[in-house]
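Subject: The structure we talked about

Hi,

Here is the structure I promised to pass on. Have it open while you read, and my notes come right after it.

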Amino acid sequence: MFSLTVFFSLILLSEQCCFPSEWEADQLVTTATKSAGKTVPTVSKAMLKLSWDTPLRRYASSGTYIANGGYTGNFRSLADYISNVLYEVVDGKCNVTRIIKSFSNVTCTPANAQKSSPVYLGLNQLQITQYTYQQYGMTVYANYATGCVPVSYSSYGSSANKEYVRITRILAAAQEI
Ligand SMILES: *[C@@H]1O[C@H](CO)[C@@H](O)[C@H](O)[C@H]1NC(C)=O
Ligand SMILES: *[C@@H]1O[C@H](CO)[C@@H](O)[C@H](O)[C@H]1NC(C)=O
């Protein structure tokens with residue numbers, strides 16, 4: 001895969017980008033958290049398969065994780081945005097929580113996102129557009145291929161004494177027609 005070190009030029013256009021209604025992807029999610037005064041961040045990674053279904057307002061994921069320190073485990077989750085409940089099974093233990101985020105916020109970029117002009121990458125001239133926005137206290141850079149198929153995300157945030165970085169790379173994606 002190519003690396004996404006690209007310079008995007010921002011243009012202001014408030015046009016939402018929403019996921020294809022049904023798609024699946026293999027993702028690698030790296031999360032780093034750094035406390036104030038520390039130089040070394042806490043890093044965890046997850047490799048997962050995500051299955052998305054907009055008409056049914058749900059998505060499912062399953063995969064493995066490596067926690068900071070090397071501890072590994074597995075997880076499965078199902079997010080149901082009709083009853084707004086998230087079911088998670090982490091290392092065999094089940095956890096059921098209420099979903100607070102709106103489904104449209106999770107599916108689509110906000111209407112006030114800044115949109116870049118498209119760049120063309122690789123031999124196949126894959127067209128990538130970057131959306132930048134603030135959401136849930138994070139600055140998000142979301143890269144999409146044509147049809148709003150996600151390519152990668154990075155989000156950055158900080159609170160009083162912590163800094164957060166989360167990078168999601170889509171390794172392979174399939175879309176139903
Ligand atoms: C369940 O999930 C919530 C929210 O992610 C978390 O705060 C809580 O610690 C979890 N509980 C268990 C038992 O894993
Ligand atoms: C949706 O996102 C916007 C910002 O992009 C935020 O103001 C709003 O509170 C979010 N709504 C929900 C229900 O998560």
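Below is what I found, going from the overall fold to the hairpins, the core and the ligand.

First, a caution: this is a predicted model, so please read everything here in that light.

**The overall picture**

The protein has 1 helix and 13 strands. Going from the N terminus, the order is β-β-β-β-β-β-β-α-β-β-β-β-β-β. The radius of gyration is 17 Å, close to the 16 Å that the globule rule gives for 177 residues, so the protein is as compact as a globular protein of that length. If you want a feel for the dimensions, the C-alpha atoms fill a box of roughly 45 × 45 × 30 Å along the principal axes. Of the 177 residues, 13% count as buried. As for how the chain comes back on itself, take the contacts with a separation of 6 or more: 40% of them are between residues 24 or more positions apart.

**Strands 3, 4 and 5**

Strand 3 (residues 42-53) and strand 4 (residues 58-66) run antiparallel and are joined by 9 bridges. To find your place in that pairing, look at Leu48, which sits opposite Gly63 of strand 4. The hairpin between these two strands has 4 residues in between, and Arg57 takes a positive phi near 50° there.

Strand 4 also pairs with strand 5 (residues 72-80), again antiparallel and with 9 bridges. Here Tyr65 has Gly73 in strand 5 as its bridge partner. This hairpin has 5 residues between the strands, and Gly69 is the one with a positive phi, near 95°.

**Strands 10, 11 and 12**

Further along the chain, strand 10 and strand 11 pair in the antiparallel sense over 7 bridges. Thr129 is found opposite Tyr144 of strand 11. Their hairpin has 2 residues between the strands, and Tyr136 in the turn has a positive phi of about 50°.

Strand 11 goes on to pair with strand 12 (residues 149-159), antiparallel, through 8 bridges. Ala142 faces Tyr153 of strand 12 in this pairing. With 3 residues between the strands, this hairpin has Gly147 at a positive phi near 85°.

**The nonpolar core**

Which residues touch the most other members of the largest nonpolar core? They are Leu50, Trp52 and Tyr144, out of 15 residues in that core. Strand 2 (22-35), strand 3, strand 10 (126-135) and strand 11 (138-145) are the elements that give two or more residues to this core. Strand 3 gives the most, with 3 residues. In general, nonpolar side chains tend to be buried together in soluble globular proteins.

Trp52 is worth clicking on. Leaving aside neighbours within four places in sequence, Trp52 is in contact with Phe19, Glu22, Trp23 and Tyr59. Tyr144 is another one to click on, as it appears both among those core residues and opposite Thr129 in the strand 10 and strand 11 pairing.

**Around ligand 2**

Last, the ligand. What surrounds ligand 2? The shell is made up of Lys101, Ser102, Asn105, Pro110 and Gln135. Sorted by class, that comes to 1 nonpolar, 3 polar and 1 charged residues. Gln135 also falls at the end of the range given for strand 10 (126-135), so to speak.

Cheers

Terms used
Residues are numbered from 1 along each chain as its sequence is written. Chains are lettered from A and ligands numbered from 1 in the order in which they are written. This is a predicted model: local features need pLDDT of at least 70, side-chain atom pairs count only at pLDDT 80 or more; totals for chains, interfaces and linings use all residues. Two strands pair if DSSP finds at least two bridges between them. A residue is near a molecule or strand if its C-beta atom, placed from the backbone, lies within 6 Å of it. Ala, Val, Leu, Ile, Met, Phe, Trp, Tyr, Cys and Pro count as nonpolar, Asp, Glu, Lys and Arg as charged, and the others, Gly among them, as polar. The radius of gyration is taken over C-alpha atoms; the globule rule is 2.2 Å times the number of residues to the power 0.38. A residue is buried if 20 or more other C-beta atoms lie within 10 Å of its own, exposed if 12 or fewer, and partly exposed in between; C-beta atoms are placed from the backbone. Two residues are in contact if their C-beta atoms, placed from the backbone, lie within 7 Å. A nonpolar core is a set of buried Ala, Val, Leu, Ile, Met, Phe, Trp, Tyr and Cys residues joined through C-beta atoms within 7 Å.
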